[in-house]
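Please walk me through this structure, from its overall make-up to a sheet, the spaces between its atoms and one residue of a helix.

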Amino acid sequence: QNGTGKSSLLKIINSDLKPTEGNIQNREGVSFGYVEQIINGHDNLSGGEKFNKSLTVALCLRPNILLLDEPTNHLDLKNRKSLMNMIKKFQGAEIIVSHDEELLRNCINSIWHIDDHQIKIFKGNYDDYLNDIENKRSGLQEELRQIKKDKKEVHKSLMREQQRAKHSKIRGEKLVSQKRWLPAVGDLKKNYASKTMGSKNIKIGETKKELLNRLADIRISEILRPTFSLKSETKGNKTIVSISEGYAGYANKPILENINSSIQSQKHMAIVGNNGSGKTTLFKAILNCPEILKRGDWVVPEIEDIGYFDQNYTNICKDKTPFETIAELLPNNTQTQTRTFLNDFLFRKNEDVNKPIRFLSGGEKARLTLAKIAAKTPVLLLIDEVTNNIDLETKKHIEQVLREYPGTMMIISHDRVFLENIGIDEFFDLH
């Protein structure tokens with residue numbers, strides 16, 4: 001997950017960061033090529049161009065070991081394909097931090113899963129790893145079912161034993177009163193039955209606790225349950241976006257020319273193109289950003305009917321709490337209804353609901369952004385490279401919500417697996 005120390009581990013291996021404890025031992029003659037996740041400098045280059053430049057510098061060192069941190073971020077389809085070919089052909093060892101399922105499936109033969117401050121090593125490919133986790137989870141859940149069954153049986157036995165004890169007590173008291181039993185004998189029988197059932201209960205409780213701890217080690221993403229509220233007048237076969245002879249760019253720098261397109265309601269479309277082709281510029285033009293110079297005929301929804309979901313979560317106020325954010329969008333909700341709504345997006349504890357957004361993790365910010373979209377469902381949703389820098393659990397949450405989103409969606413992404421998973425049915429290619 002985000003924040004577990006993957007990038008720090010690469011920096012320690014590359015000697016850019018000293019370990020708090022222990023030592024790093026490298027065989028003599030080993031050299032490293034390292035491309036970090038956030039590449040500083042080269043401000044005139046796009047994210048993909050910065051990565052390619054840094055990768056070229058790293059490969060010129062002729063390294064034995066190549067260290068790559070989220071290498072597919074910002075890469076277009078052409079560069080993604082080139083990178084994966086290079087990874088497959090590289091003669092040395094490679095240690096790659098990635099949440100890109102296409103890369104994990106096609107380029108990886110060993111997985112280090114960092115969880116609970118430990119590295120769990122799995123030898124094999126990504127699909128084998130997922131199957132292994134699922135098999136372990138299914139096995140543990142079956143054991144838990146058996147434990148619950150055993151607990152019920154013990155409870156039934158205990159009830160029968162209590163009935164017997166009750167009858168025995170009456171009989172014992174009668175025998176004691178008749179001086180045919182000593183009082184100690186009756187107490188001994190009663191205590192023995194109670195101890196036997198108690199020890200069985202304790203053993204079952206300990207086994208169940210151990211199984212729950214093992215299940216907790218196998219992290220399975222919880223499911224979000226969004227409820228959308230799209231206005232009825234925006235449904236049906238209506239044109240939501242129409243661009244004719246569109247031009248967009250910056251002062252003295254044209255980016256897009258001769259754009260002619262129309263997008264119908266409820267259409268889910270991916271905007272694709274090489275790095276620097278103008279995908280984000282198109283979004284900024286639709287959003288009427290002041291720095292964009294536009295010409296042509298642009299018919300788009302009102303700004304309050306457009307949702308914007310970007311990788312920096314710019315549409316949530318960092319000083320507010322999740323509760324305040326949703327309560328403002330749903331003013332007619334009771335406090336309980338707002339808490340229930342947030343619960344569907346996994347904000348459950350009081351500290352999670354009332355924590356200032358600036359202290360939320362990246363995954364929590366993504367879930368809150370999705371909650372905002374569901375609370376006041378926009379007619380048009382613009383999504384810009386949201387899968388960069390997020391862990392697989394957050395990615396699955398985003399997929400769950402976007403699959404069900406009922407409005408018109410335009411998404412910039414080069415992650416083909418992600419686009420397939422959210423049901424993209426049309427592509428708009430910027431040349």
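To read the make-up of a lining by class, one needs the convention that Ala, Val, Leu, Ile, Met, Phe, Trp, Tyr, Cys and Pro count as nonpolar, that Asp, Glu, Lys and Arg count as charged, and that the others, Gly among them, count as polar. In this predicted model, the lining of the largest cavity has, by that scheme, 2 nonpolar, 7 polar and 6 charged residues.

The cavity itself is a suitable place to begin. Rolling a probe the size of a water molecule over the atoms shows where empty space is left. The count comes to 1 cavity of 30 Å³ or more, and the space in the largest cavity is about 140 Å³. It is lined by 15 residues, of which T72, N73, D100, T387 and D415 are the closest to its centre.

Before turning to the open spaces, the chain as a whole deserves a brief description. Its secondary structure comes to 13 helices and 13 strands, and of its 431 residues, 41% count as buried. Among the contacts between residues at least 6 apart in sequence, 70% join residues that are at least 24 apart.

One sheet can be followed strand by strand. It is an open sheet of 3 strands, arranged in the order β7-β6-β9 with antiparallel pairing. Its edge strands are β7, residues 253-264, and β9, residues 293-299, each of which pairs on one side only. Neighbouring strands of this sheet are turned against each other by 5° on average, if direction is ignored. Strand β6, which spans residues 239-250, pairs with β7 in the antiparallel sense over 8 bridges, and V241 stands opposite I263 in β7. Across β6, β7 and β9 lies helix α7, made up of residues 279-286, which runs at about 115° to β6.

Helix α7 and strand β7 also belong to the surroundings of the second largest pocket, since each of α2 (47-60), β7, α7 and β10 (306-310) supplies at least two residues of its lining. The largest contribution to that lining is made by α7, with 4 residues. About 800 Å³ of space lies in this second largest pocket, and among its 27 lining residues, S46, G47, G276, T280 and T281 are the closest to its centre. By class, the lining has 5 nonpolar, 15 polar and 7 charged residues.

The largest pocket has a volume of about 1,400 Å³ and is lined by 42 residues, with L104, I111, Y126, Y129 and L392 lying nearest its centre. Several elements each supply at least two residues of this lining, including the helices α1 (6-13), α4 (101-107) and α12 (392-404) and the strands β3 (93-97), β4 (110-115) and β5 (118-123). The largest share, 6 residues, comes from α5. The lining of the largest pocket divides into 21 nonpolar, 9 polar and 12 charged residues.

A last stop is L329, which is placed in helix α8, residues 322-329. Is this residue buried, partly exposed or exposed? L329 counts as partly exposed because its relative accessibility is 26%, and buried would require a value under 20%. Leaving aside residues up to four places away in sequence, L329 touches K372, A375 and K376. Of these partners, K376 is 47 residues from L329 in sequence, yet the two are 6.6 Å apart in space, C-alpha to C-alpha.

Definitions and conventions
Residues numbered from 1 in each chain as written. Predicted model: local features only at pLDDT ≥ 70, side-chain atom pairs only at ≥ 80, totals over all residues. Heavy atoms only, no water. Pairing = 2+ DSSP bridges. Axes fitted to C-alpha atoms, helices over the stretch in contact; angles between N-to-C directions. Contact = heavy atoms within 4.5 Å. 1 Å grid on protein atoms, 1.4 Å probe; cavity = no way out; pocket = protein on both sides within 12 Å on 5 of 7 lines; lining within 4 Å. Points joined across faces, edges and corners; volume = space filled by probe spheres on them. Buried < 20%, exposed > 50% of the residue type's maximum accessible area, 1.4 Å probe, protein only.
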